[in-house]
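Visitor: I am new to reading models like this one. Please show it to me, and let us go through it step by step.

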Amino acid sequence: MREWLWRVWAMVRRGRLVAEKREELQHHLDMEIESGLRQGLSADEARRRARWRAGLVSDGLEDTHAALGIPWLDGAALDLRHAWRALTRTRGFGVVAVLVLAASVAINTLIFFMLDGVVLRPLPYASPDRLVRLYDSSPARAKFPMAIGHFLDLDTSEASIESIALYAGRDMELTAGAGRSRPLTGVSITSDYFTVLGRPPILGRAFTNADLRKDVRHVILSERLWQEHFQGDPAIVGTMVRLDREPWTVIGVAPPGFQHIGGDYRSPPQGESVDVWLPFRLDLEEEAIRYYHFSNAIARLRADVSPAQARDDLARFSTAYQQRHRKAGAWQVRMEPLLDEVTGRSRQVVWLLVGAGGLVLLVACANIAGLCVARAVSRRKELALRRALGANRWQLVRVGLAENLLIGVAGAALGLLLAGIGLPLLRQLLPADIPRAHEIALTPTAALFAAGIALATVLIAGLLPSGESRVLDASTRVTGGRDARTRRTALVAGQIALAGLLCAGALFLLRSYQELGARDHGFKPAGVLTFQLAVPRAGSPNRGDLGRLIETIRQRIEDVPGVASAGASTNLPWSGYDENTNFIIAGRTSTDRDTPGARYQAATPGYFEATGMRLVSGRLFERARDGQGQPLSLIVNDALARRNFPRGDAVGSVVRIFGAPRQIVGVIGDIKDTPADLETPAAFWVPLEQQEFNPIFFAVRVRTGDPASLTAAVTAAVQSVDPELPLADVRTLERRALTALAPRRFALWLFQAFAALALLLSGAGIYGLLAYIVRQRRKELSVRAALGASRAELGRMVLADGVKMAAIGAAGCLLLIPVGGSLLRTFLFNVHAFDLITIAGAPAALLIVSLLASLGPARSATRSNPATALRDD
Amino acid sequence: MSNEDRTGVLQGTLDLMILQTLATLGPRHGYAIAARLEQVSGGAIQLNMGTLYPGLVRLEARGWIAGTWAVTESSRRARFYELTAKGRKQLEKARGEWLRMTSIMSKVLE
């Protein structure tokens with residue numbers, strides 16, 4: 001070890017050491033000469049004798065120089081020096097190879113950032129692999145919110161569960177005086193929420209079971225809110241804050257960077273999305289505890305219990321529970337790993353992009369391999385000369401490898417730099433509902449990944465031409481070969497095929513995006529401003545107050561100049577709202593119990609007009625006919641009308657919902673839950689004034705122009721009614737609709753970018769190969785020109801070569817398209833794996849690109865001069 | 001390697017000889033070591049510079065000898081090598097091994 005250090009150190013200051021050694025050796029020789037002189041020899045004789053006895057200074061120095069280093073390191077350094085010299089001599093090759101590599105490494109590293117952040121990295125909780133989400137599950141509803149009854153019994157009796165908690169979203173208003181109140185994202189939780197996740201509050205305490213009762217106003221703040229709004233006051237615990245205009249006692253502060261787990265039923269998304277945690281009430285009536293399902297559940301499995309064992313235990317538990325509470329229904333407790341639930345659907349998108357990125361890398365690899373083959377051929381003479389001068393095969397291969405290593409290192413560094421620059425851009429492009437997007441970051445793992453793929457790519461690319469073994473034989477005639485051309489043609493055709501596959505992928509996604517855009521979604525998102533309003537429920541206002549308040553606000557908004565219509569509802573289209581209830585149709589007795597439930601919603605007059613929903617039959621809500629005290633009315637959607645009133649007699653029928661009979665006054669056209677859904681769930685709306693809900697969403701349709709320009713006027717209108725009421729989540733409806741389409745758009749963008757890059761690379765590949773062929777055939781072309789071939793004929797010959805390559809590649813890509821289409825299946829809407837436009841479009845793109853790439857070489861072929869044939873060698 | 005062919009001196013042997021020379025004479029420069037070896041071997045060992053100096057580098061790298069620049073009696077700058085404590089230990093070990101080996105060999109060859 002010490003010797004190694006000494007040698008490394010010696011290598012560093014070798015220049016000086018060698019100079020010293022030279023002096024030492026010279027001294028040795030001089031002493032030798034002196035001793036000769038002492039023995040009476042002449043100066044010449046003494047010098048000759050000394051040289052014979054001690055050797056030449058230069059020879060001795062060479063051996064000493066070698067001894068001062070580490071042999072293999074010296075060899076490697078020599079190789080790298082050779083490689084560097086060779087690369088700088090042919091700068092074009094090096095620059096192109098590094099750029100190609102850097103671009104594809106950057107893309108793949110960005111994708112790796114996503115893969116790592118979204119899928120690979122463990123969730124930021126203690127032993128996250130033991131965390132599971134629990135659902136109530138029935139044949140009709142696979143993953144339904146959990147009933148409190150299940151939670152209570154699981155908490156006390158289920159052995160395989162170490163701890164369990166319920167949670168549900170509950171937004172609040174931080175009351176801070178007129179115009180300064182701000183909406184807060186809140187989640188009500190049971191006592192073990194922080195225990196389950198293994199991250200207890202940093203200040204104060206978590207909730208205890210005593211807190212989980214009505215009118216207990218204890219709150220736990222997020223560390224962010226504590227810092228931002230309370231300046232990190234260390235004495236915050238025990239103080240009062242005003243939430244929803246009531247005093248709440250702060251009992252704790254959550255750990256910094258704490259991430260909420262997210263959930264599909266009334267929950268903020270996973271991440272640092274929560275401002276306050278509130279007690280989850282458990283002191284409800286027996287009915288609400290056993291029969292209502294309105295909570296998300298999270299649990300930690302015991303360390304010694306396998307998931308399969310836990311599932312068995314839960315099945316046994318569910319059966320026993322059903323026997324104890326027969327009226328509660330046939331619900332099974334279902335368990336899913338937390339990570340799957342958090343990353344769920346987005347994982348597909350990420351893996352799809354990983355696949356596409358891999359294709360880009362393959363194209364880059366083929367491209368660089370093509371460059372290497374060309375280079376190996378153009379260096380035949382040089383290599384043959386080196387071989388003849390005594391270099392062995394391994395030394396020649398080593399120089400090639402060293403070159404590729406340099407390219408690989410440069411490509412990795414540049415690629416990583418580009419990825420680092422592209423990271424903020426990627427964060428912006430990322431659809432909002434990609435979970436854990438906040439965890440996407442530059443990590444050492446990602447850097448290693450970038451270096452790894454870069455080196456693998458160049459080494460594979462470098463090995464392909466070194467299979468060109470004949471180059472390395474000294475005896476080979478030093479001429480270019482047909483063999484290299486075939487090899488390069490194969491590489492270019494391969495690139496074209498892969499680029500075609502990426503084009504097809506982009507076309508598939510584009511086509512299905514267009515199909516989605518052309519679809520009748522049942523509402524008109526353009527020209528609508530939307531926002532959320534959570535009216536504080538302090539002092540439990542009388543029934544009707546809330547409805548009247550909303551109606552007053554609605555009218556003030558409608559009075560704003562430029563507003564065409566305004567209305568409020570429990571939810572906006574494509575928002576993921578999923579509240580359901582059962583109902584009974586008056587006059588039908590036999591199937592009462594089997595009547596499936598429907599989505600319940602509430603709306604004010606003006607809401608359907610503002611969102612542009614279509615009236616199928618009957619009428620919309622009207623201010624004069626659907627207010628408080630007037631006959632209870634109901635609007636249903638077409639799906640419900642078709643399902644429950646197949647004879648078209650929905651309007652006029654009476655349905656019992658929320659314990660009261662209501663008459664259907666209108667039928668509204670269907671809106672799917674997400675843009676690409678095939679089915680629409682049955683749904684109805686009650687007038688908001690007859691059945692109050694909070695919070696609600698407002699939709700404001702403008703007459704013309706940008707709806708966002710009315711934000712200030714609308715805010716003023718709302719605050720003219722209640723100056724402390726903050727508007728939350730202000731966005732245009734179009735923006736919300738785009739958010740629902742965001743994952744598709746994201747995948748489409750990236751695919752388009754990848755396809756463009758792959759086309760560019762294969763275009764460059766075609767160009768390079770044709771230019772090389774034209775150069776090689778220069779003499780032949782000149783002879784043809786001399787014999788009377790026209791310029792057009794010469795150009796056509798080269799173009800034909802290019803088109804031939806494209807055709808081979810296109811044929812390959814046609815074989816791959818249906819495979820690609822079926823892999824993309826889940827992302828396609830109304831587009832078949834044998835989509836004609838795609839199948840025709842991708843090869844067409846390839847042909848166009850190859851024609852464009854052939855133009856340059858073809859032009860230089862037309863410039864073939866008959867005289868060249870005579871003059872050239 | 002080619003140096004060993006030329007001189008017929010094995011690497012380990014050369015190391016041992018240099019160490020022994022320095023142990024006997026104290027600090028010496030390269031030429032003095034070569035001259036001494038030639039003298040005690042009765043002219044059988046003539047060290048080429050290409051053998052001697054890489055050998056000195058090797059011993060220095062291993063920390064068995066330490067070189068310093070100093071001025072000779074004839075007031076010329078020369079690099080003097082000196083046995084280190086570690087080198088002395090190594091010499092004892094290698095010397096013991098060598099003697100044991102030669103005694104075995106001589107018994108076998110008798």
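Visitor: Which residue follows α4(B), with a positive phi?

Guide: First, some ground rules. This is a predicted model, in which local features need pLDDT (the predictor's confidence in each residue, from 0 to 100) of at least 70, side-chain atom pairs count only at pLDDT 80 or more, and totals for chains, interfaces and linings use all residues. Residues are numbered from 1 along each chain as its sequence is written, while chains are lettered from A and ligands numbered from 1 in the order in which they are written. Helices (H or I, at least four residues) and strands (E, at least two) are DSSP runs, numbered from the N terminus; after α4(B), with phi near 80°, comes G63(B).

Visitor: How far apart are the end C-alpha atoms of helix α4 of chain B?

Guide: The helix covers residues 49-61. Its expected span is 1.5 Å times one less than its number of residues. For 13 residues that gives 18 Å, and the model agrees: the ends are apart by 18 Å.

Visitor: How many residues of α4(B) are buried?

Guide: Buried means 20 or more other C-beta atoms, placed from the backbone, within 10 Å of a residue's own; exposed means 12 or fewer, partly exposed in between. Among the buried ones are M49(B), Y53(B) and E60(B). The helix is mostly covered, and of its 13 residues the buried number is 11.

Visitor: Why is one side of β1 and β2 of chain B left without a neighbour in the sheet?

Guide: Strands pair if DSSP finds at least two bridges between them. The open sheet has the order β1-β3-β2, with antiparallel pairing. β1 and β2 stand at the edges, so each has a single partner strand.
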